[in-house]
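Please look through the model shown below with the text beside it. The paragraphs go from the interior of the protein to the surfaces near the DNA.

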Number of protein chains: 2
Amino acid sequence: MMTNNNLGAIIKQQRVMVPLTLQELATMTGISPSHLGRIERGERFPSAHVLRKIAGPLGFDENELFTLAGYLSPQPPTIAEAEVSYGGGRLDPYVSRVLAQEPVDVQRAVISILSILKSIAKGMTKESR
Amino acid sequence: MMTNNNLGAIIKQQRVMVPLTLQELATMTGISPSHLGRIERGERFPSAHVLRKIAGPLGFDENELFTLAGYLSPQPPTIAEAEVSYGGGRLDPYVSRVLAQEPVDVQRAVISILSILKSIAKGMTKESR
DNA sequence: TTGACAATTTGCCATTTGGCAAATTATAAT
DNA sequence: ATTATAATTTGCCAAATGGCAAATTGTCAA
């Protein structure tokens, strides 16, 4: 029905991040790679059975994925979500979920890279002033 | 698929108990009475969208009904387990705090960069074996 | 470059969902 | 009993899902 084409994008982003090929995900889940591909580019809308099968291998929480797909009403906020809100800032749940799959030292390396890029952008590195 | 499920029987029992006729439930949910009837006697298997629409009027909790239908794994996480874990991973609080202060699109850009680095690293591993 | 091989996309089609209208069955009132 | 009306079931069909095989595109080594 092409209800929500952003679901496919989210699924694809997650698959590439894991990382997996369509064929690998296909053998893990029993869903054909062609069907998975169509889902990712929004040409097909996954049934509940399909959605359930791909949740695990992609590292999605089933309830969250079903909510993203519009199959379940938005869940009451969990403790996990409270944990990631801080001060005035809010951490995007998708970002949080993806990063949480990395080892903590990788997570911190990511932060270091970000701070480097920010300082470059502001022209505050030693050699540039 | 005519999966031999007692789901239809459970739904019918609830509807009669409420009590509602098929037509009344139909007007409340927007699902045709004929379809609802076939679901109750197991001739059709309700999609997630249909299941979601009938949950409320019948007094079912959505998650419970989805679990009964085999769409969700038997019931989930206690509050204790929910903490800061996403799909088995854990997000470092410091990382969470720092990232939360960036705009969401920057947060997502960070994820994209991580993805690029991982694919580069993957290529290096391949090369060295 | 070319050729081999992996990954993705497309064409086609069987199966299923779900709606509408007609047929059937249950329920009440006279 | 008969008739009217409500409730359910059945027949039929459009639309969507999802698999298989072929075609296409991407990638890498020689």
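In this predicted model, the largest nonpolar core has 42 residues. F66(A), Y71(A), L51(B) and F66(B) are the residues with the most contacts inside that core. Leaving aside residues up to four places away in sequence, F66(B) touches F66(A), Y71(A) and L72(A) of chain A. In chain B, F66(B) touches A48(B), L51(B), R52(B), Y71(B) and L72(B). Another core, of 16 residues, lies apart from the largest one; L99(A), V110(A), A100(B) and I111(B) are among its residues.

L51(B) belongs to helix α4 of chain B, which covers residues 48-58. The buried residues in this helix are A48(B), V50(B), L51(B), I54(B), A55(B) and L58(B). Viewed down the axis of α4(B), these buried residues fall within an arc of 145°, so they line one face of the helix. The general background is that an α-helix has 3.6 residues a turn, so residues three or four places apart point the same way. What covers the buried residues of α4(B)? The cover includes α4 (48-58) of chain A, and from chain B it includes α1 (7-17), α2 (22-29), α3 (33-40) and α5 (62-68). After α4(B) comes G59(B), which has a positive phi, near 80°.

A charged side chain in chain A comes next. E40(A) is placed in helix α3 of chain A. Is E40(A) buried or exposed? Its relative accessibility is 9%, so E40(A) counts as buried, the limit being under 20%. The side chain of E40(A) makes a polar contact of 2.5 Å with the side chain of R15(A). Not counting residues up to four places away in sequence, E40(A) touches R15(A) as well as G8(A), A9(A), I11(A), K12(A) and L22(A).

R15(A) leads on to DNA strand C: a polar side-chain atom of R15(A) lies 3.3 Å from a phosphate oxygen of that strand. From chain B, an N or O atom in the side chain of S32(B) is 2.9 Å from a phosphate oxygen of DNA strand C. S34(B) has a polar side-chain atom 2.9 Å from a base nitrogen of DNA strand C. Two or more residues of the surface near this strand come from each of α2 (22-29) and α3 of chain A and α3 of chain B. With three residues, α3(B) gives the most to that surface. There are 20 residues around DNA strand C, and L22(A), R38(A), H35(B), R38(B) and S47(B) come nearest. Of the atoms of DNA strand C within 4 Å of the protein, 56% belong to sugar and phosphate. By residue type, the surface near DNA strand C divides into six nonpolar, eight polar and six charged residues.

DNA strand D has 21 residues around it, of which S34(A), H35(A), S47(A), L22(B) and R38(B) come nearest. For DNA strand D, sugar and phosphate make up 56% of the atoms that come within 4 Å of the protein. An N or O atom in the side chain of S34(A) is 2.8 Å from a base nitrogen of DNA strand D. For R44(A), a side-chain N or O atom is 3.0 Å from a base oxygen of DNA strand D, and for S47(A) such an atom is 2.2 Å from a phosphate oxygen of DNA strand D. The elements giving two or more residues to the surface near DNA strand D are α3 (33-40) of chain A and α2 and α3 of chain B. That surface divides into seven nonpolar, eight polar and six charged residues.

Definitions and conventions
Residues are numbered from 1 along each chain as its sequence is written. Chains are lettered from A and ligands numbered from 1 in the order in which they are written. This is a predicted model: local features need pLDDT of at least 70, side-chain atom pairs count only at pLDDT 80 or more; totals for chains, interfaces and linings use all residues. Side-chain values use heavy atoms; hydrogens and water are left out. Buried means under 20% relative accessible area, exposed over 50%, partly exposed in between (1.4 Å probe, protein chains only). Helices (H or I, at least four residues) and strands (E, at least two) are DSSP runs, numbered from the N terminus. The arc is that of the directions from the helix axis to the C-beta atoms. Contact means heavy atoms within 4.5 Å. A residue is near a molecule or strand if one of its heavy atoms lies within 4 Å of it. A polar contact is a pair of N or O atoms within 3.5 Å; within protein, one must be able to donate a hydrogen and the other to accept it, and residues adjacent in sequence count only if both atoms are side-chain atoms. Ala, Val, Leu, Ile, Met, Phe, Trp, Tyr, Cys and Pro count as nonpolar, Asp, Glu, Lys and Arg as charged, and the others, Gly among them, as polar. A nonpolar core is a set of buried Ala, Val, Leu, Ile, Met, Phe, Trp, Tyr and Cys residues joined through side-chain atoms within 4.5 Å.
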